[in-house]
Amino acid sequence: SDRNCAPGMSASAATKLANNNVQFVIGAFCSATTKAAALILDQHKIPLLSPGAIKKNLTQRKFRYLFRICNREDYEGIAILNFISKKLKPKSIYIVNTRFSGIDEKSLSELTENGIQIAGYEMPEQYSYSTESVSRIIEEIATQKPEAVLLFNGELGILKGIRIKSLHCQVAMTASPMNPVFYDKYKPLME
């Protein structure tokens, strides 16, 4: 039910599973589909284990039967920025932050306090998955020449563009390579 991260499909699948008296559900991956499934499964007291739903508001909703084995987005944002600061140690970074609220102003200021210049920062409202948007970001990365690029959630087009243009930078990513929706597409790019 989660192959397209479509909440309607997830709710429909959760209803079907509940009607078939399943005892336990593993999935969904996306936060929106997890929420849609949890709304149904919680009413039927069916435990739902999500491997990838990172939105912190899921646990704030007090679902009694929803469990996850991943970090919340706010913890993930802190962890990835710590990794970049302490392990990658780039002089500059370009951040493509789409559909993700795990990075706040404090986190960004910690990067600059550690001597990392923010070469560019794409916000969710500035970005679409259109070819024009991806091309614009790749050109900006090529112009800025950051030592590192941080990609959040499904930025396959940007990852491909970095490889195609042979841009010399480290790439850090969150979540998406493990998402079954994206894994087959990412695998050749990560080898």
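1. K165 is partly exposed, with a relative accessible area of 40%. This is a predicted model, and K165 is a useful place to begin reading it. The side chain of K165 meets that of E139 in a salt bridge, N to O at 3.0 Å. K165 sits in the loop between α7 (156-164) and β7 (170-174), while E139 belongs to helix α6, so the contact ties together parts 26 residues apart in sequence. E139 is partly exposed too, at 40% relative accessibility.

2. How many salt bridges are there in the model? The count comes to two. Besides the K165 pair, R136 forms a salt bridge with E122. The closest N and O atoms of R136 and E122 are 3.0 Å apart. This pair links distant parts of the chain: R136 is in helix α6 (residues 131-144) and E122 in strand β5 (residues 117-122), 14 residues apart.

3. Are R136 and E122 buried or exposed? The two ends fall into separate classes. R136 has 39% relative accessibility and counts as partly exposed. E122 has 6% and counts as buried, because the cut-off for buried is under 20%.

4. Helix α6 carries a partner in each bridge. R136 of α6 goes with E122 in β5. E139 of α6 goes with K165, in the loop between α7 and β7.

5. Now α7 and what follows. Which residues of α7 are buried? L156, I158, L159, G161 and I162 are. Just after α7, S166 takes a positive phi of about 55°. The loop between α7 and β7 also holds K165.

6. Strand β6 (residues 148-152) deserves its own point. Five of its five residues are buried, so the strand is largely enclosed by the rest of the structure. Which way do the side chains of β6 point? A148, L150 and F152 point one way. V149 and L151 point the other way. Residues on either side of β6 are buried.

7. Next, the pairing of β6. Strand β4 (residues 92-96) pairs with β6 in the parallel sense, over four bridges. In that pairing V96 stands opposite L151 of β6. Strands β6 and β7 also run parallel, joined by five bridges. Here F152 stands opposite T174 in β7.

8. To draw this together: β6 is paired with β4 and joined to β7. Its five residues are buried. The loop between α7 and β7 holds K165, whose partner E139 lies in helix α6. For inspection in the viewer, take F152 opposite T174, then the K165 and E139 side chains, then R136 with E122.

Technical notes. Residues numbered from 1 in each chain as written. Predicted model: local features only at pLDDT ≥ 70, side-chain atom pairs only at ≥ 80, totals over all residues. Heavy atoms only, no water. Salt bridge = Lys/Arg side-chain N within 4 Å of Asp/Glu carboxyl O. Helix = DSSP H or I, 4+ residues; strand = E, 2+ residues; numbered from the N terminus. Buried < 20%, exposed > 50% of the residue type's maximum accessible area, 1.4 Å probe, protein only. Pairing = 2+ DSSP bridges.
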